[in-house]
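User: I would like to go through this structure step by step, with a short reasoned answer to each question. Please begin once the structure is shown.

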Amino acid sequence: MKVLVPVKRVIDYNIKARVKPDGSGVDLANVKMSMNPFGEIAVEEAVRLKEKGVVSEIVVVSIGPLQAQETIRTALAMGADRGILIQTEETVEPLSVAKLLRAVALEERPDIAILGKQAIDDDANQTGQMLAAMLDWPQATFASKLDIADGKAEVMREIDGGLQTISVELPAVITTDLRLNEPRYASLPNIMKAKRKPIDMKTPDDYGVALDIRLEQITVAEPPKREAGVIVDSVAALVDKLKNEAGVI
Ligand code: AMP
């Protein structure tokens, strides 16, 4: 069984994003970049399926600049077998990502595509859903548990007020939620081994996909600064503030 795992290179989740002074976007100059955390969870899940003997090959794909090779190498060091970099310096919106992933899926014929539920830079939460629609595959989004057996994937999903378990026929698209697993750190020997694993270099043109821009980003702003709190000396004072200052009761 083959798994396709798309991973995005994003601003590291530990970094506090700085907005450019003109509000045109987030300043990425000299900022640490890493694999999208939900992508790490997707790679980890694929590696666990391989360790269980369910999966025989894990192909990782990233769409982005040349440096996204490092992201792919990280996945290879975690246990993926080979990578594909679709290299572009352009902005790639989720619809174009989904079109490229569809083309890769048609070439590679995986049994499962495991994506992150969202990329933490744009928080789009669209790619997996669009990919499933374009391939006409079932989708199980926000997976917090995954079992594969008899040509089906059983997926537990955290939903409002409880847990839902669904079953989908393979091939299918799965997207990962935070609680699916805890990704491993690659060991030094595995980092060394990953250097010898192959990465195919491609471009969007190789797949005949134009990177159309459909969204215009109007402005990006920092969240409002939190103001200092106050300590009230009685319940009556708290109620008074909630009623007359915050206006919430
Ligand atoms: P999004 O819909 O942008 O929030 O992204 C959801 C998931 O789609 C990510 O967790 C990745 O698995 C995949 N994805 C999005 N953008 C890319 C990209 N540029 N390269 C590879 N995978 C991507």
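**Burial, charges and backbone**

Analyst: Let us start with one residue of this predicted model. Glutamate 44 has a relative accessible area of 2%, and it is therefore buried.

User: With which residue does the side chain of glutamate 44 meet in a salt bridge?

Analyst: Glutamate 44 lies in helix H1, which covers residues 37–51, and its partner is four residues apart from it in that helix, so the two are separated by about one helical turn. The distance from N to O in this pair is 2.7 Å. The partner counts as partly exposed, at 32% relative accessibility. The residue is arginine 48.

User: Which residues are joined into one network by salt bridges that share partners?

Analyst: A salt bridge here needs a side-chain nitrogen of Lys or Arg within 4 Å of a carboxyl oxygen of Asp or Glu. Where such bridges share partners, they join their residues into a network. The residues are Lys2, Glu57, Arg82 and Glu108.

User: How many salt bridges does a search of the whole structure find?

Analyst: One of them is the bridge between glutamate 44 and arginine 48. Another joins the side chains of aspartate 27 and arginine 18, at 3.5 Å from N to O. In that pair, aspartate 27 is partly exposed at 23% relative accessible area, and arginine 18 is partly exposed at 46%. Over the whole structure, the search gives a total of 16.

User: How many residues apart are lysine 16 and glutamate 222, whose pair links distant parts of the chain?

Analyst: The side chains of lysine 16 and glutamate 222 meet in a salt bridge, with 3.7 Å from N to O. Lysine 16 is in the loop between strand S2 (9–11) and strand S3 (33–35), while glutamate 222 is in the loop between strand S11 (199–202) and helix H6 (235–246). Along the chain, the two are 206 residues apart.

User: Is lysine 16 buried or exposed?

Analyst: Exposed means over 50% relative accessible area. Its partner glutamate 222 has 37% relative accessibility and counts as partly exposed. Lysine 16 has 66% relative accessibility, so this residue counts as exposed.

User: What share of the contacts with a separation of 6 or more comes from residues 24 or more positions apart?

Analyst: The chain holds six helices and eleven strands. Its contacts with a separation of 6 or more include those of residues 24 or more positions apart. The share of these is 71%.

User: What percentage of the residues in the chain is buried?

Analyst: A residue is buried when its relative accessible area is under 20%. Glutamate 44, at 2%, is therefore one example. For the chain of 249 residues, the percentage is 41%.

User: How far apart are the mean positions of the positive and negative charges of the chain?

Analyst: The chain carries 31 positive and 38 negative charges. A mean position can be taken for each of these two sets. The two mean positions are apart by 4 Å.

User: Which residues form a negative surface patch?

Analyst: Aspartate 205, in the loop between S11 and H6, is one member of the patch. Its relative accessible area is 66%, so aspartate 205 is exposed. The full list is Glu107, Asp200, Asp205 and Asp206.

User: What is the accessible area of the nonpolar patch on the surface?

Analyst: The patch is formed by Val235, Leu238, Val239, Leu242, Val248 and Ile249. Among them, valine 248 is placed in the segment after H6 and counts as exposed because its relative accessibility is 59%. Together, the six residues have about 530 Å².

User: Which peptide bond is cis?

Analyst: A cis bond is found here with omega near 0°. One of its residues, proline 171, is in the loop between strand S9 (162–169) and strand S10 (172–176). The bond runs from leucine 170 to proline 171.

User: What is the phi of asparagine 30?

Analyst: Asparagine 30 is in the loop between S2 and S3, and with a relative accessible area of 85% it is exposed. Its phi is positive, in a residue other than glycine. The value is near 55°.

User: Where is phenylalanine 142 found?

Analyst: Phenylalanine 142 also has a positive phi, near 55°. At 22% relative accessibility, phenylalanine 142 counts as partly exposed. Its place is within residues 139–149, which form strand S7.

Conventions: Residues numbered from 1 in each chain as written. Predicted model: local features only at pLDDT ≥ 70, side-chain atom pairs only at ≥ 80, totals over all residues. Heavy atoms only, no water. Buried < 20%, exposed > 50% of the residue type's maximum accessible area, 1.4 Å probe, protein only. Contact = heavy atoms within 4.5 Å. Lys, Arg positive; Asp, Glu negative; His and termini not counted. Charge placed at Lys NZ, Arg CZ, Asp CG, Glu CD. Patch = residues over 30% accessible without salt bridge, like charges linked within 9 Å, V, L, I, M, F, W, Y side chains within 5 Å. Areas by Shrake-Rupley, 256 points an atom, 1.4 Å probe, with all protein chains shown as cover.
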